Amino acid sequence: MAFYVTTPIYYVNAAPHLGHAYTTIAADVLARHMRQRGEDVFFLTGTDEHGEPVAQAAEKQGVTPKELADRNAARFEALMPQLDVTNDFFIRTSDPRHVAHVQEILQRVHDNGHVYKGSYEGWYCTRCADFKTDNEIGPDNTCLIHEGFPLERESEENWFFALSRFQEPLERLYTERPDFVLPAVRFNEARSFIAQGLDDVSLSRAHLRWGVEVPWDPQHVFYVWFDALLNYVTALKFARDGADLTTTFWPATYHLIGKDILKFHCVYWPALLMAADLEVPRRLFVHGYLLSEGRKMSKSLGNVLDPFDAMDKFGTDALRFYCMRDVSFGQDGSVSPADFETRYETELANELGNLASRTLAMLVRYRDGTVPEADPDPALAGDFDGLAERVAALLDDVQVTAALEEIWQRVRRLNRYVEERAPWQLAKDEEKAGELDVTLRSLAEGLRVVAVLLHPYVPATTTKLLGALGSPDLDLERARYGAAAGGAAVAQLDALFPKTPAP
Ligand code: MSP
């Protein structure tokens, strides 16, 4: 089956921070997991390069918007391999191929009669690049998303998208598809936004040059959000030379987004697609904020955790693990360097790292580096029963933290098993050779299964570990306890998560 997952495309007016890495890592976990299931996966991320915030940032820095976009898009693009993220394409909205497809699709929306000229006056946030509705305005006309940032009164003559006409089709969509937006709290939020009544929205900007030219009125460029949203479709048109991937991958299986951009994705986007005679995505998953010192981590608040520092110190897998583990995906939660360090030591180094090194060392020491042929312990088999299916079902619903917890319970179970069986005692007694065989075989098999399941979260570590276990196959079918026969040759490994020097 085709599986198409996207992240938001990131603004290039600032450098990447942990918030951007966060969504991207989650999407990568899904993409890698689906590949292990043998699905046909397409994973898209990229940069959102047009619009006022970028034009303003460029002006401040004395460069052209394109120069700023090139410089910062390169930083986002470079972030992906550093995060070990396996995106199939990286879209940049300044790409002329994207521009041409945006023009074609929005021309169709126009020709379908959903666009008109009108004038609009309202409170506008230059950071959000968005006019605010009454309940989106904070005290003294400030932005609620950018806490206290003053809004500007703006009025302009623009092309409008007749969003209000889609009120009923959107209500129908939300009634027919109760899982269109996950989690449920975000579904309800989107639905009540629609129920309050939809105003038409401005589709173009007259005073801005940095954008996609409106084909029927070249004095205007498209409002950046319409140009940006369309990336999810346009990328499929040109990511592979000469192939139109929309036939395979549209509608998208999942758009992953943060809750800051819910309205655009859960309300405007399906309406725009309907207006363009395109199918709406299957589902959207809206995650929460990573908070730092109690507030949303953001460039403008100056409280960002630098993902590059964290990776330098602890490695990419540790960062990936921390992001998916510490804050339940879908909810808000605080992150801090101190928490990161604690998780690293208690869970990665002490639980997974020790389990791996103990298991491999005992196989080398007591059985010459060969996994015994004995049948694995049925007592442990029960703890692994249905595990892969549960993990797959959770990931079908983007429950990335819950799925990781399921797997981690088994890491802990295996550590307890080591203590219960005390293989070093069994090794002292010739008569217990059979028991030792069963114990070591069971540990090797359990460790292999958790490594296959953990692979999407900590890909480099598990690749090393499965190699050392002599069983590199990542197919999810292999995540069944007992799926590998005994007899594999194992090798010792350096510590997977070395204790780090104090900062
Ligand atoms: N360019 C728009 C999105 C257009 S999509 C068609 C945009 N860009 S952004 O650079 O501001 O990135 C927003 C996204 O970054 C959020 O939706 C979320 O995925 C991620 N995050 C940014 N800060 C975050 C946190 N502090 N916590 C969690 N995710 C955060 O909006």
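**Group meeting: a walk around the ligand**

Hi everyone, let's begin right at the ligand: a polar side-chain atom of His-20 lies 3.4 Å from one of the ligand's oxygen atoms. Before I go on, please keep in mind that this is a predicted model.

His-20 has company. Thr-23 also places a polar side-chain atom by a ligand oxygen atom, here at 2.6 Å. Then there is Leu-290, where a polar backbone atom is 2.8 Å from a nitrogen atom of the ligand. How much of the ligand's accessible area does the protein cover? On its own the ligand has 670 Å² of accessible area, and the protein covers 95% of that.

So who makes up the surroundings? There are 25 residues around the ligand, and the closest are Ile-9, Thr-23, Asp-48, Leu-290 and Met-297. If you prefer to think in elements, E1, H1, helix H7 (224-229) and helix H8 (231-238) each supply at least two residues of that shell.

Let me stay with Thr-23 for a moment. You will find Thr-23 in helix H1, which covers residues 18-36. Is Thr-23 buried or exposed? Its relative accessible area is 4%, and the cut-off for buried is under 20%, so Thr-23 counts as buried. Setting aside residues up to four places away in sequence, Thr-23 touches Thr-7, Pro-8, Tyr-10, Leu-256 and His-287.

Some of those numbers take us to strand E1, residues 2-11. Of its 10 residues, 8 are buried, so E1 is largely enclosed by the rest of the structure. E1 pairs with strand E2 (residues 40-48) in the parallel sense, over 8 bridges. If you want one pair to click on, take Val-5, whose bridge partner in E2 is Phe-43. Put E1, H1 and E2 together and you have a right-handed β-α-β unit. E1 also pairs with strand E14 (residues 254-258), again in the parallel sense, over 2 bridges. There, Thr-6 has His-255 as its bridge partner.

Back to Leu-290, the residue with the backbone contact to the ligand. Leu-290 has a bridge partner in E18, namely Gly-333. The strands here are E16 (residues 290-292) and E18, which run parallel and are joined by 2 bridges. They belong to an open sheet of 3 strands in the order E17-E16-E18, with mixed pairing. Which strands stand at the edges? Those are E17 (295-296) and E18 (333-334); each has a single partner strand, so one side of each is left without a neighbour in the sheet.

One more stop, at Leu-203. Leu-203 sits in the loop between E11 and strand E12 (204-205). Leu-203 is buried, with a relative accessible area of 0%. Beyond neighbours within four places in sequence, its contacts include Leu-106, Val-115, Trp-159, Phe-161, Trp-216 and Phe-226. Along the chain, Leu-203 and Tyr-116 are 87 residues apart, and their C-alpha atoms are separated by 9.3 Å.

The strands in this part are worth a look too. E4 (residues 115-125) and E9 (residues 152-161) pair in the antiparallel sense over 10 bridges, with Glu-121 partnered by Ser-155 in E9. E9 in turn pairs with E11 (residues 201-202), also antiparallel, over 2 bridges. In that pairing Phe-161 has Val-201 as its partner, and Phe-161 is also one of the residues in contact with Leu-203.

That's my tour. Thanks for listening!

Key
Residues numbered from 1 in each chain as written. Predicted model: local features only at pLDDT ≥ 70, side-chain atom pairs only at ≥ 80, totals over all residues. Heavy atoms only, no water. Helix = DSSP H or I, 4+ residues; strand = E, 2+ residues; numbered from the N terminus. Buried < 20%, exposed > 50% of the residue type's maximum accessible area, 1.4 Å probe, protein only. Contact = heavy atoms within 4.5 Å. Pairing = 2+ DSSP bridges. Right-handed = clockwise from strand over helix to strand, strands pointing away. Near = heavy atom within 4 Å. Polar contact = N/O pair within 3.5 Å; in protein donor to acceptor, adjacent residues only side chain to side chain. Areas by Shrake-Rupley, 256 points an atom, 1.4 Å probe, with all protein chains shown as cover.
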